[in-house]
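Reader: I am new to this structure and would like a close look at a single part of it. Could you take one helix and describe, step by step, what surrounds it?

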Amino acid sequence: MNKLTPNQELALNTKGNLALTANAGSGKTFVLARRYLSALLEDKLDISGIAAITFTDKAASELYNRISSFID
């Protein structure tokens with residue numbers, strides 16, 4: 001993903017709790033993974049204090065893999 005949409009930028013720059021709803025393929029997983037890492041690294045939150053909730057096991061797996069790839 002090269003260029004972020006205005007809504008993606010807003011989601012990435014929002015501090016505190018965040019809920020995302022959007023169509024398939026809109027970049028939700030990318031944004032959630034980046035926000036997760038931002039909460040850990042920039043906001044210095046403890047990993048046990050961050051919840052990332054999805055509606056399906058597939059989406060949870062994709063989110064886990066995306067976060068893992070960003071860490072690598």
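Author: A residue is called buried when its relative accessible area is under 20%, exposed when that area is over 50%, and partly exposed in between. With those terms in hand, and keeping in mind that this is a predicted model, we can look at helix α2, which covers residues 28-41. Its 14 residues, at 1.5 Å a residue, should span 20 Å, and the end C-alpha atoms are indeed 20 Å apart, so the expected and the computed values agree.

Within α2, the buried residues are F30, V31, A33, R35, Y36, L37, S38 and A39, and the elements that cover them include α1 (6-13) and α3 (57-71).

The largest nonpolar core has 7 residues, namely A33, Y36, L37, A39, I50, L63 and I67. Helix α2 gives the largest share of this core, 4 residues, while α2 and α3 each supply at least two. If neighbours within four places in sequence are set aside, I67 is in contact with A33, Y36 and L37. There is also a second, separate core of 5 residues, among them L4, A11, L12 and F30.

F30 deserves a further word, since a search of the whole structure finds 1 aromatic pair, and that pair is formed by F30 and F70, edge-to-face, with 5.8 Å centre to centre and 80° between the planes. The pair links distant parts of the chain, with F30 in helix α2 and F70 in helix α3, 40 residues apart. F30 has a relative accessible area of 12% and is therefore buried, whereas F70, at 31%, is partly exposed.

Technical notes:
Residues numbered from 1 in each chain as written. Predicted model: local features only at pLDDT ≥ 70, side-chain atom pairs only at ≥ 80, totals over all residues. Heavy atoms only, no water. Expected span 1.5 Å × (residues − 1). Buried < 20%, exposed > 50% of the residue type's maximum accessible area, 1.4 Å probe, protein only. Contact = heavy atoms within 4.5 Å. Phe/Tyr/Trp six-rings, centres within 6.5 Å; stacked < 30°, edge-to-face > 60°. Core = buried A, V, L, I, M, F, W, Y, C linked by side-chain atoms within 4.5 Å.
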